[in-house]
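This report describes selected helices and loop residues of one protein chain. The sequence and the structure are shown first, and the description follows.

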Amino acid sequence: MPARHSWEIPLLVVVILLTVVSYLVAFLLLFLGLVNQYILLLVAAPLLLWFGRGVNFSSQRVNGVKMSPSQFPEGYRMVQEAAARFGMASAPDAYVVLGNGRINAFASGHGFRRYVVVYSDLFEISGAAREPDALAFIIGHEVGHIAAGHASYWRQLGMFLVPFLPVLGNSLIRAQEYTADNHGYCHRPQGAPAAMGTLAAGKYLNSVVGFDEMADRAAQERGFFVWMVNAMSSHPVLTWRMWALRDRSRHGKLFWRPDPAPPRFGPLPGQPRLRGTAAMRSRCPKPRADPGGLRLPSGNRNPAAQSNSGLSSRVRLSSKKCG
Ligand SMILES: [Zn+2]
């Protein structure tokens, strides 16, 4: 299984404890006769979250194009493969929704159902993505959110306080994003540069983004405001995220910029040190013939042929709003 970010569980425990305490305080204050919007919000949180997730899911069910062997078959197959690779008992539903130029994807759930949503702009050019590996990475990232439990109702209820904890809450969300990136990398390592390039420069110019050059800047850009932008962000800033995808020897940085020290695990004696996409290919895990025991659909088997908490209850690809 892809690595879970080392800070994810410790931060999750702290956030859940704070959320539980806030629930208890809200009930106590309500019992004592004190009523305001925050107390009501907390007391009604289980119902509001359940309602929000139900509306989100139904919106995809009635408006989205459901991926299937006959509709967006490349994406459908990527979802099946990612779920199998991560050992999931069943693959989540997957929908394509109108992107209108926006680049995004998210994962969520309702009841026992889990689903991913991919904006249509990631599927351009006659049904096949411009960068199929990037799409596979993105789908691996989203399915990874589900495999890691990020789309669980109980987990999101335990994280209900996140929007009110700007630094602590966002740190937990960033740790989750690094975990999901690890899943995307496990699913399609060679798709990471183009996926990050797409987030940086869009679907038409992703291939001109210098992955190494941009990742290098993670160590070069420094100062208080750089720190603050990352600390307040729900997703790791892009340069740090690229750095983490390039340096697979350690977890992505949550609070302090990466330092240019060499990777902890260097190349074997006699082997050259690889960087960027070359290193990614060299560490690409070999897919199993039948990963996880999940039966893969027949059909085209050539993959190249083709915010986060609270009421929103989605775990997204990027910090850009879904609209
Ligand atoms: Zn994500």
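F72 lies in the loop between β1 (65–66) and α4 (73–85). The model is a predicted one. Although F72 is not a glycine, its phi is positive, at about 50°. Most residues other than glycine have a negative phi. F72 counts as buried because 24 C-beta neighbours lie inside 10 Å, and 20 or more are needed for that class.

N100 is a further non-glycine residue with a positive phi of about 50°. Its place is in the loop between β2 and β3. N100 has 9 C-beta neighbours inside 10 Å and therefore counts as exposed, the limit for that class being 12 or fewer.

Two glycines that follow helices also have a positive phi. G33 comes just after α1 and has a phi of about 95°. G202 follows α8, with a phi near 95°. The backbone values are collected below.

| Residue | Place | Phi |
|---|---|---|
| G33 | just after α1 | about 95° |
| F72 | loop between β1 and α4 | about 50° |
| N100 | loop between β2 and β3 | about 50° |
| G202 | following α8 | near 95° |

**Helix α1 and its crossing with α7**

Helix α1 has 24 residues, which at 1.5 Å a residue should span 34 Å; the end C-alpha atoms are 34 Å apart, in agreement with that value. The buried residues of α1 are E8, L11, V15, T19 and A26. The elements that cover them include α2, α6 and α7.

The axes of α1 (residues 8–31) and α7 (residues 166–187) come within 9 Å and cross at roughly 145°. The crossing of α1 past α7 is left-handed. On the α1 side, the contact is made by E8, L11, L12, V14 and V15. On the α7 side, L168, G169, S171, L172, A175, Q176 and T179 take part.

**Helix α3**

For the 19 residues of α3 (residues 45–63), a rise of 1.5 Å a residue gives an expected span of 27 Å, and the end C-alpha atoms are 27 Å apart, which agrees. Within this helix, A45, L49, R53, N56, F57 and Q60 are buried. Seen down the axis of α3, these buried residues fall within an arc of 90°, so they line one face of the helix. An α-helix has 3.6 residues a turn, so residues three or four places apart point the same way. The cover over the buried residues of α3 includes the helices α2 (37–43) and α6 (153–158), together with the strands β2 (93–97), β3 (105–110) and β4 (113–119). On the other side of α3, L47, V55, S58, V62 and N63 are exposed.

**Helix α8**

Helix α8 (residues 192–201) is mostly covered, with eight of its 10 residues buried. These are A192, P193, A194, A195, M196, G197, T198 and L199.

**Annotated spans**

An unreviewed UniProt entry lists residues 12–32 and 38–57 under "transmembrane region". In the model, residues 12–32 are 95% helix and 0% strand, and the end C-alpha atoms of this span lie 30 Å apart. Residues 38–57 are likewise 95% helix and 0% strand, with end C-alpha atoms 26 Å apart.

Terms used
Residues are numbered from 1 along each chain as its sequence is written. This is a predicted model: local features need pLDDT of at least 70, side-chain atom pairs count only at pLDDT 80 or more; totals for chains, interfaces and linings use all residues. Helices (H or I, at least four residues) and strands (E, at least two) are DSSP runs, numbered from the N terminus. The expected span of a helix is 1.5 Å times one less than its number of residues. The arc is that of the directions from the helix axis to the C-beta atoms. Two residues are in contact if their C-beta atoms, placed from the backbone, lie within 7 Å. UniProt positions are given in the numbering used here, feature names are shortened, and annotations may be inferred rather than shown by experiment. Axes are lines fitted to C-alpha atoms, for helices over the stretch in contact, and angles run from 0 to 180 degrees between N-to-C directions. A crossing is left-handed if the near helix is turned anticlockwise from the far one by less than a right angle, and right-handed if clockwise.
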